[in-house]
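These exercises concern a predicted model of a protein chain with a ligand. Work through each task with the structure in view before reading its solution.

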Amino acid sequence: MSDNKVQKNFINGKWIESKSGQTFENRNPADTDDLVGVFQKSTADDVNMAIEAAAQAYKKWRLVPAPKRGELLFKVADRLVQEKEAISQQMTREMGKVIKETRGDTQEAIDMTYYMAGEGRRLFGMTTPSEMANKFNMTIRQPLGVCSFITPWNFPIAIPSWKMMPALICGNCIVIKPATDTPASVAYLMKVCEEEGVPPGVVNMVTGSGGALGDSLINHPAVKVVSFTGSTEVGRKVSEACSTNFKHSCLEMGGKNVQIVMDDADLDLAVDGALWGAFGTTGQRCTATSRLIVHKDVADKMTSMLVDRAAKLKVGSGLDETVEMGPCINQGQLETVLSYIEIGKKEGASLTTGGERLTGGDYDKGFFVKPTVFTGVTQKMRIWKEEIFGPVLSIATFDSFEQAVEMANDTVYGLSASIYTRDVNKAYTAMRDVYTGIFYVNAPTIGAETHLPFGGTKETGNGHREAATAALDVFSEWKSIYVDFSGTLQRAQIDNA
Ligand code: UN1
């Protein structure tokens, strides 16, 4: 282990070691011989130090004019453009997804940073008439203080940027704890912020496990907002912990996203969409297509076209530009995926392709699974209901459009859904009646853009949205201001008769 692989926490503008004196390794899931970095196994003390630095920095940062905060973010965004390839190469090494996709992940962070930098010159409130004479009414957004972020491994720089950039433009300071599988991307982002002049303490990073650090990240009295992306199980705990002290929480959790294919659909397009939605990012997106429901009249044809293509997907190291699907993130996730494949078989679904770990040669060094398709899946099965977060697609059939909508909604989650049809009436009806936060017509369930709200209904979220101007509502609070220039006491609701 060479020393230059050791990465430190970033606290108050300085790179410092954890007080624990312990570290953990970050290895390439496509080749576990490849050590990407060695990171600090931090403690509650480290987190507290970071939060206190953020609270101190907040005193000044909140007073920096928002357009000036925006100018700094523009510089950060420009720098991310310059570093895009280096960030993406490193990200494929630490996360495993194919290089085209990590370039997309970095691009998403670039888009979000420019978008929020521009908000520095907007951050619109409103002015509205008063019910009384000589009185002026307006609203302004005010920041909250310190925000804690607990971010996932599947979008190592995009999702951190969704949280950081709107928080910063609103005038908050932040502490981020990246996923232990992918801390290098966030460390890169910190370095860019440091070098582009973001003041000390405004952004801080502490690495380590959520189990060890979550409590301090949530319960420190200076923390006002907790933004979390991950499982519904952990999100529920975050929500409960925040509720005691009325801390705001923004939660993005599980999904069991569906693609509906009607009998009038362009099947080639629907197959392209299902393949990308189910096997892009090795199925490890919250928005991944994990249920495909097909009209019975086209089901056989669609299934055979899809299975043929799925079986031919090239699986391997994402650094190879010709590879189409990378590994699972780690041993634990590999085992989860393999166990769901066993569950599917036991429940009576038909395994149509894939269904096993890829072994031999270089595959033995990573966590590779074949793209897997089950047919004959019914609504009672666990593979229909539970989020797998891997390259496993469950196919079921329906007889009528009404049944398709009912099946689409038959889930505790509500992130993303899509319909393939040429019938505009059905497209609009599904758009209205499928209860999700994101909906696509003739496009897969993945591929959200940064200037539209991102998030889901039911057990996917808690009513907030990331990205777009919706994110500003998470990281600011409204203040309503009344300015009376009449020189007299005017009593609302009483003197306006
Ligand atoms: C996620 O699924 O965890 O919409 C985030 C998409 C990406 C972001 C996905 N832009 O698929």
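**Exercise 1.** Describe how the two domains of the chain are arranged, starting from the distance between their centres.

Solution. Taken over C-alpha atoms, the centres of domain 1 and domain 2 are 31 Å apart. Next, assign the bounds: domain 1 covers 6-253 + 461-480, and domain 2 covers 257-441. Finally, look at the contacts between them: 25 residues of domain 1 touch 27 residues of domain 2, with heavy atoms within 4.5 Å.

**Exercise 2.** Where does the ligand lie with respect to domain 1 and domain 2?

Solution. Begin with the shell, which consists of E108, N154, F155, I159, W162, R285, C286, T287, I446, G447, A448 and F454. By class, this shell has 7 nonpolar, 3 polar and 2 charged residues. Both domain 1 and domain 2 contribute residues to the shell, so the ligand lies between them. As for pockets, the ligand occupies the second largest one.

**Exercise 3.** Find polar contacts of the ligand with E108, N154 and G447, then state how much of the ligand the protein covers.

Solution. Take the ligand nitrogen first: a polar side-chain atom of E108 is 3.0 Å from a nitrogen atom of the ligand. Turn to oxygen: an N or O atom in the side chain of N154 lies 3.0 Å from an oxygen atom of the ligand. With G447, a backbone N or O atom is 3.0 Å from a ligand oxygen atom. On its own the ligand has 310 Å² of accessible area, and the protein covers 99% of that.

Definitions and conventions: Residues are numbered from 1 along each chain as its sequence is written. This is a predicted model: local features need pLDDT of at least 70, side-chain atom pairs count only at pLDDT 80 or more; totals for chains, interfaces and linings use all residues. Side-chain values use heavy atoms; hydrogens and water are left out. A residue is near a molecule or strand if one of its heavy atoms lies within 4 Å of it. A polar contact is a pair of N or O atoms within 3.5 Å; within protein, one must be able to donate a hydrogen and the other to accept it, and residues adjacent in sequence count only if both atoms are side-chain atoms. Accessible areas come from the Shrake-Rupley method with a 1.4 Å probe; for residues, only the protein chains shown count as cover. On a 1 Å grid over the protein atoms alone, a cavity is a set of points where a 1.4 Å probe fits but cannot get out, and a pocket is an open set with protein on both sides within 12 Å along at least five of seven lines; lining residues have an atom within 4 Å of a point. A molecule sits in a cavity or pocket if more than half of its atoms lie within 2 Å of its grid points. Ala, Val, Leu, Ile, Met, Phe, Trp, Tyr, Cys and Pro count as nonpolar, Asp, Glu, Lys and Arg as charged, and the others, Gly among them, as polar. Domain bounds come from an automatic or database domain assignment.
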